[in-house]
Amino acid sequence: MTGNNFSTIYSTERYPWHAALWSALERQLDRLPHALLLRGRPGLGKHAFAVQLAQALLCDQPQSGVACGTCHGCMLFIVGNHPDFSGIGLIEDAKIIAIDQIRALSDFLSLRPHTARHKVVLISPAEAMNLNAANSLLKLLEEPPLGSILLLVTNHPARLPATVRSRCSHLLFRSPARAVGLAWLQTRAAVPDQPENLLEIAGGAPLLAESLGQEGIAEKHIKLYQDLDALGRGRDEPVACAARWKGLGTRLCLGWLYGFVADLIKGHLAGQQAAVTHLSEQKNKYKISELYGFIDIIHEYYRQLGSTLDELLILEDILIRWTRLRRLQ
Ligand SMILES: [Zn+2]
């Protein structure tokens with residue numbers, strides 16, 4: 001493996017909500033498009049899916065699209081040393097995937113496969129590529145070396161250049177039906193408390209729900225939700241609330257709020273049947289144009305976190321806007 005920075009530690013478990021995607025891919029493992037973009041919200045197991053797919057592509061004797069786990073190729077892959085695999089990710093504390101990491105791929109892909117039928121590259125999280133890195137990748141996507149398969153994983157496809165997106169086949173991961181997610185959470189070794197709430201907060205993404213439960217973040221998120229509700233009803237003050245949110249962590253709060261408003265927008269677009277009971281109560285209370293404006297502001301502030309802008313002022317402004325959002329209706 002030429003990737004210098006990438007762990008292939010992953011679950012060999014195939015998640016039930018991946019079944020349809022697998023059955024679509026298994027039939028065409030030998031004639032996959034040269035580039036796949038795996039996209040969808042966090043917590044759906046896209047990265048694990050990509051690693052399992054990479055292993056299946058490098059396995060000497062895959063059975064119905066599943067890596068055997070015992071052949072030479074699988075052993076090399078499992079120990080992180082397969083010469084025909086390159087994993088590109090964030091190096092330590094880096095926030096971006098840099099051009100040098102992508103440039104190295106050209107050399108890697110220009111050589112014929114050592115032992116496998118393919119050369120497989122996995123880039124995750126793909127949206128972390130800066131513009132130079134993405135442009136460098138574009139050259140490979142435009143003239144893919146024979147036998148190469150590139151797997152790009154992203155929670156935020158819109159952050160990738162359109163030129164990169166358009167040269168990949170897209171695999172869209174969706175949250176499973178609520179019952180499927182709940183049933184899966186119930187099978188975990190440590191079944192989290194309040195699985196229904198966790199799944200709701202996670203937008204239906206089971207793995208995110210599980211990790212929220214482990215990190216105790218769920219309790220914080222429930223608090224945030226209750227705060228928004230109280231603000232909307234005029235039972236709380238934005239300034240006091242902002243101080244509490246700052247205590248919980250501005251980044252965590254803004255990230256959650258962004259996801260919450262995005263779900264409200266999706267609820268609008270879907271018309272009915274928001275996956276989540278709270279949301280279905282909330283979704284008709286706001287004009288969608290208001291929600292679009294609001295989410296842009298949250299995003300802009302989120303981007304500026306860590307700059308000279310005062311976090312408390314940011315939170316106050318956002319929460320005041322939230323209360324006005326409701327009055328406009
Ligand atoms: Zn194998």
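Which residues of helix α1 (residues 19-26) are buried? In this predicted model, the buried residues of helix α1 are L21, W22 and L25, and because they cover an arc of only 100° around the axis, they sit on the same side of α1. The points below take up this helix and its surroundings, then a zinc site, a pocket, some backbone features and the helices α7 and α9.

**Helix α1 and its surroundings**

- The buried residues of α1 pack against two elements, namely α2 (46-58) and β5 (169-172).
- An α-helix has 3.6 residues a turn, so residues three or four places apart point the same way.
- E26, which also has its place in helix α1, counts as partly exposed because its relative accessibility is 27%.
- Not counting residues up to four places away in sequence, E26 touches R14, S64, G65 and V66; of these contacts, G65 is 39 residues apart from E26 in sequence, whereas the C-alpha atoms of E26 and G65 are 4.5 Å apart in space.
- F173, placed in the loop between β5 and α7 (178-186), is buried, with a relative accessible area of 4%.
- Leaving aside residues up to four places away in sequence, F173 touches H18, L21, L38, R39, G40, L44, K46 and F49, so that L21, one of the buried residues of α1, is among the contacts of F173.
- F173 and H18 are 155 residues apart along the chain, yet their C-alpha atoms are separated by 7.9 Å.

**The zinc site**

- Which protein atoms serve as donors of the zinc ion? They are the SG atoms of C59, C68, C71 and C74, which lie 2.3 to 2.4 Å from the zinc ion.
- Along the chain, the donors of the zinc ion follow the spacing C-x8-C-x2-C-x2-C.
- The arrangement is tetrahedral because the four donor atoms around the zinc ion subtend angles of 105 to 117°, and the criterion applied here asks that all angles lie between 85 and 135 degrees.
- For reference, ideal angles at a metal are 109.5 degrees for four tetrahedral donors.
- Two of the donor residues can be set side by side in terms of accessibility: C74 is buried, with a relative accessible area of 0%, whereas C68 counts as partly exposed, at 22% relative accessibility.

**The second largest pocket**

- The second largest pocket has a volume of about 250 Å³, and of the 13 residues that line this pocket, the closest to its centre are P42, G43, K46, H47 and N155.
- Both α2 and β4 (148-154) supply at least two residues each to the lining of the second largest pocket, and the largest share of that lining, three residues, comes from α2.
- K46, listed among the residues closest to the centre of the second largest pocket, is also one of the residues that F173 touches.

**Backbone features in loops**

- Most residues other than glycine have a negative phi, and most peptide bonds are trans.
- The peptide bond from S124 to P125 is cis, with omega near 0°, and P125 lies in the loop between β3 (119-123) and α5 (131-142).
- S64 has a positive phi of about 50° although it is not a glycine; S64 lies in the loop between α2 and α3 (72-78), and because its relative accessibility is 60%, S64 counts as exposed.
- S64 is also among the residues that E26 touches.
- E92, likewise not a glycine, has a positive phi of about 45°; the place of E92 is in the loop between β2 (85-88) and α4 (99-110), and at 76% relative accessibility E92 counts as exposed.

**Helices α7 and α9**

- In α7, the residues G181, L182, W184 and L185 are buried, and because the buried residues of α7 fall within an arc of 160° when seen down its axis, they line one face of the helix.
- What covers the buried residues of α7 includes α8 (195-201) and α9.
- E210, whose place is in helix α9 (residues 206-215), counts as buried because its relative accessibility is 14%, where the cut-off for buried is under 20%.
- Leaving aside its neighbours within four places in sequence, E210 is in contact with W184, L185 and R188, and W184 and L185 are among the buried residues of α7.

Technical notes
Residues are numbered from 1 along each chain as its sequence is written. This is a predicted model: local features need pLDDT of at least 70, side-chain atom pairs count only at pLDDT 80 or more; totals for chains, interfaces and linings use all residues. Side-chain values use heavy atoms; hydrogens and water are left out. Buried means under 20% relative accessible area, exposed over 50%, partly exposed in between (1.4 Å probe, protein chains only). Helices (H or I, at least four residues) and strands (E, at least two) are DSSP runs, numbered from the N terminus. The arc is that of the directions from the helix axis to the C-beta atoms. Contact means heavy atoms within 4.5 Å. Donors are N, O and S atoms within 2.8 Å of the metal (3.2 Å for Na, K and Ca); water is not among the atoms, so sites may look incomplete. Four donors count as tetrahedral if all angles lie between 85 and 135 degrees; four count as square planar and six as octahedral if opposite donors are over 155 degrees apart and all others between 65 and 115; anything else is irregular. On a 1 Å grid over the protein atoms alone, a cavity is a set of points where a 1.4 Å probe fits but cannot get out, and a pocket is an open set with protein on both sides within 12 Å along at least five of seven lines; lining residues have an atom within 4 Å of a point. Grid points are joined across faces, edges and corners, and a volume is the space filled by probe spheres set on the points.
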